[in-house]
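Student: Please take a close look at one part of this chain and build it up contact by contact. I want to know what packs there, what pairs there and how far to trust it.

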Amino acid sequence: MNHDEKLEAIVFIRPEAKFVLRGDDLEWLDDNQSQPTESEIEAGWIAYQAKIESDRAAEKAKREAALSKLEALGLTTDDLKALGL
């Protein structure tokens, strides 16, 4: 896991936590939340990726449903493209 991935994972599993990540060195500054273990961070990265994929799929389904409704109203694909959809 690279630096950015580790950072995203920590923020995902410990929202609003106070910490500094220098390379692989994690300095925990938060008195309200416990410092995550390496295995928690790795599991958090997997969960974060799954959420991103789920959000993308939901957005795609939402867009397809909206386009389907517009087409049901009689708009053609060209009409939708002209509207920027």
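Tutor: Start with confidence: pLDDT is the predictor's own confidence in each residue, on a scale from 0 to 100. Its mean over the chain is 93, and 99% of the residues reach 70 or more. This is a predicted model, in which local features need pLDDT of at least 70 and side-chain atom pairs count only at pLDDT 80 or more, while totals for chains, interfaces and linings use all residues. Residues are numbered from 1 along each chain as its sequence is written, and side-chain values use heavy atoms, with hydrogens and water left out.

Elements next. Helices (H or I, at least four residues) and strands (E, at least two) are DSSP runs, numbered from the N terminus. Among the elements, H1 has the highest mean pLDDT, 97, and helix H3 (residues 77-82) the lowest, 80. Where pLDDT is low, predicted coordinates should not be read in detail.

Now the part itself: the loop between H1 and S1, and what surrounds it. Arg 14 is placed in that loop. Buried here means under 20% relative accessible area, exposed means over 50%, and partly exposed is in between (1.4 Å probe, protein chains only). Arg 14 counts as buried because its relative accessibility is 12%. Contact means heavy atoms within 4.5 Å. Neighbours within four places in sequence aside, Arg 14 is in contact with Trp 28, Gln 33, Ser 34, Gln 35, Pro 36 and Glu 40.

One of those partners deserves a second look. A salt bridge is a side-chain nitrogen of Lys or Arg within 4 Å of a carboxyl oxygen of Asp or Glu. Arg 14 forms one with Glu 40, with the closest N and O atoms 3.4 Å apart. Glu 40 lies in helix H2 and Arg 14 in the loop between H1 and strand S1 (19-22), so the pair ties together parts that are 26 residues apart in sequence. The two side chains also make a polar contact at 3.4 Å. That term covers N or O atoms within 3.5 Å; within protein, one must be able to donate a hydrogen and the other to accept it, and residues adjacent in sequence count only if both atoms are side-chain atoms. Glu 40 has 33% relative accessibility, so it counts as partly exposed.

Glu 16 lies in the loop between H1 and S1 too. At 77% relative accessibility, it counts as exposed. Its backbone stands out: Glu 16 has a positive phi of about 65° although it is not a glycine. Most residues other than glycine have a negative phi, and most peptide bonds are trans.

Salt bridges number five in the structure. Besides the loop pair, Lys 6 bridges to Glu 38, with 3.1 Å between the closest N and O atoms. This pair links distant parts of the chain, from Lys 6 in helix H1 (residues 3-13) to Glu 38 in helix H2 (residues 38-72), 32 residues apart. Lys 6 is at 5% relative accessibility and so counts as buried. Glu 38, at 44%, therefore counts as partly exposed. For contrast, take a bridge inside one helix: Glu 53 and Arg 56 meet at 3.0 Å, N to O. Both lie in helix H2, three residues apart, about one turn of the helix.

Last, the packing. A nonpolar core is a set of buried Ala, Val, Leu, Ile, Met, Phe, Trp, Tyr and Cys residues joined through side-chain atoms within 4.5 Å. The largest one has nine residues, including Ala 9, Ala 17, Phe 19, Trp 28, Ile 41 and Trp 45. H1, S1, strand S2 (25-28) and H2 each give two or more residues to this core. In soluble globular proteins, nonpolar side chains tend to be buried together. Neighbours within four places in sequence aside, Ala 9 is in contact with Ile 41, Gly 44 and Trp 45.

Rings pair too. Phe, Tyr and Trp rings (the six-membered one for Trp) form a pair if their centres lie within 6.5 Å; planes under 30 degrees apart are stacked, over 60 edge-to-face, the rest tilted. The structure holds three aromatic pairs. Phe 19 and Trp 28 are stacked because their ring planes are at 10°, with centres 5.7 Å apart. Phe 19 counts as buried at 17% relative accessibility, and Trp 28 does at 16%. Phe 12, Trp 45 and Tyr 48 form one aromatic cluster.
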